[in-house]
Structures are given as structure tokens and as C-alpha cells.
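Me: I want to learn how the labels on a protein model are earned. Show me one, and I will ask about the reasoning.

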Amino acid sequence: MVNDPSGNPRGLRSDPPGYPRELESDVALRDGTLVRIRAILPEDAPRLVAAYDRLSAQSAYQRFFAVMRRLPPDWARFHATVDYRQRLALIAERGVEQEMELLAVARYEPSDDDAPEIALAILDAWQNRGLGTALLRALLAAGQARGIRKFRAWVLADNTRMLDLIHRHGEIERRRREGAAVELIFTPRSPVTAPPAPTPRSA
Ligand SMILES: CC(C)(COP(=O)(O)OP(=O)(O)OC[C@H]1O[C@@H](n2cnc3c(N)ncnc32)[C@H](O)[C@@H]1OP(=O)(O)O)[C@@H](O)C(=O)NCCC(=O)NCCS
């Protein structure tokens, strides 16, 4: 293990400004498997490209409403570089030290009004084991700790698993069909507890 004077347990470079270390946790899936959830880091970008390669065409379509041959590296860089407040992404990973396998990503991004848009993607082999539920809960809790009250999701109308997941965790305020997709605006259903968001560092 690399000894990192910053105390970073990953033994990698130091955390970027505002990195919410408090969002790091180990969660047990339904079958007892432990996975690590943490906020994304810019250095995760190549792992997003690799994870996209392993996503089935159906899952990729459900997530992006399109199937790309590869996740463009500049998209991956954009998706891996967030400010941890207005834009946040959590990843789930498993493995040892620097060989951690990225299993899933959950994120919110600012959208037109005050309801940031959430999106999740779980690698197919890791779906239906409770990971989507754990990540959605962690994401909503982190958003609420950052002052976000409402979230938005665009979900394909036949994606019952994602629609059910949102209905279980959100009080739906608005539901609107547009073509093949449904837009949902919702508030998290139960009070969620998360450590307070860090105060942003002054530039
Ligand atoms: C949708 C998605 C995020 C859900 O994550 P997940 O880890 O598979 O979900 P979970 O294991 O937490 O299960 C959620 C619930 O769906 C249920 N479920 C599982 N498979 C299902 C299916 N085919 N249809 C309907 N419900 C299903 C599970 O039983 C579970 O309910 P329970 O908690 O009452 O048992 C994940 O499947 C995924 O990444 N899909 C592809 C991309 C996508 O659709 N993204 C959403 C874009 S907004």
C-alpha cells in the first residue's frame, strides 16, 4: 500500500478541493457483498469509459437514451469532474486498493430550474442486488445535505425498475410524458440523514 501523507485511504493523489470524504461508506448488498460508495474523482474518468464498455446495449440505452460505441473520453472527463455541490456523482466500487472495479454511478446535474436531474447506471452483473437502491438513497441524502429539495428524472416509460425505484423513494410532484420518456419531479420521501455538506473553500 502506498503511504499517503494526506491520509487518503486509496493511497492515490490528494483529494480535490471540496471533496466530500464523508460520503464514503461501505454498504452491504442484498446478498451480503460489501461495496464501497464514494464521490467521484477526476482520475475516475478512464474507469467510466471502461465501465461503459461493459454496460449492455439495453442498460446504456436506458441510461443515455442512445447507444454509443464508446463513451467519449471528454464526456468521461466531464462526468468525473464535479463541484460536489451543484454537480455530484457517487460511484460504487469493489476490490483492493488501486485495483478497484467500478460497478455503478449515480449523479445529479443542474437542470432548467431548481430540480437537478438524477441518473443512475449499474453494470448489468450488479443489477438487482440492491445497489441502485443504496446509491439512490446516498445521492438523495447528499443532495438534501446540500440544500436540494426537489429532483428530476427522465426515465424511459418502459423502465419500470427505475420508475419503481423513484416512486419508492420520492413523493412525485409532477409526472409528464414526452415521447418515449417520462419526466418526474419528486421530493425525497423520507427524511434522509447524511453528514453536513462541507463549507465550500474560498478561491
Ligand atoms: C434501474 C437501476 C438503476 C436499478 O438499480 P438496481 O441495482 O438494479 O436496483 P435494485 O437492486 O436496488 O432493485 C430495485 C428494485 O427493482 C426490482 N426489480 C429488479 N428487477 C426488476 C425488473 N426487471 N422490473 C421491475 N423491477 C425490478 C427489485 O426487486 C427491487 O425491488 P425491491 O427492492 O422491492 O426488491 C439499474 O437496473 C440500472 O442501472 N439499469 C440500467 C440503466 C437505467 O435504467 N438507468 C436509469 C436512468 S434514469
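Reply: This is a predicted model. From the N terminus on, its elements run β-β-α-α-α-β-β-β-α-β-α-β-β. That comes to five helices and eight strands.

Me: How do you know that the length of helix α4 agrees with its number of residues?

Reply: Helix α4 covers residues 131-145, which is 15 residues. At 1.5 Å a residue, the expected span is 21 Å. The end C-alpha atoms are 21 Å apart, so the two values agree.

Me: What makes α4 mostly covered?

Reply: A residue is buried if 20 or more other C-beta atoms lie within 10 Å of its own. In α4, 11 of the 15 residues are buried. Among them are Leu131, Ala134, Arg137 and Gly143. Across the protein's 203 residues, 28% count as buried.

Me: What follows α4?

Reply: Glycine 147 does, with a positive phi near 90°.

Me: Why are α1 and α3 called oblique to each other?

Reply: Helix α1 (residues 45-54) and helix α3 (residues 73-80) pack at about 120°. Roughly perpendicular ends at 115 degrees, and roughly antiparallel starts over 145. The angle fits neither class, and therefore the pair is oblique. Their axes are 8 Å apart, and the crossing is right-handed.

Me: Which residues meet there, and how do they divide into nonpolar, polar and charged?

Reply: Ala45, Leu48 and Val49 in α1 meet Pro73, Ala76, Arg77, His79 and Ala80 in α3. Six are nonpolar, one is polar and one is charged. Arg counts as charged, so Arg77 is the charged one.

Conventions: Residues numbered from 1 in each chain as written. Predicted model: local features only at pLDDT ≥ 70, side-chain atom pairs only at ≥ 80, totals over all residues. Helix = DSSP H or I, 4+ residues; strand = E, 2+ residues; numbered from the N terminus. Expected span 1.5 Å × (residues − 1). Buried ≥ 20, exposed ≤ 12 C-beta atoms within 10 Å, placed from the backbone. Axes fitted to C-alpha atoms, helices over the stretch in contact; angles between N-to-C directions. Parallel < 35°, antiparallel > 145°, perpendicular 65-115°, else oblique. Left-handed = near helix turned anticlockwise from the far one by under 90°. Contact = placed C-beta atoms within 7 Å.
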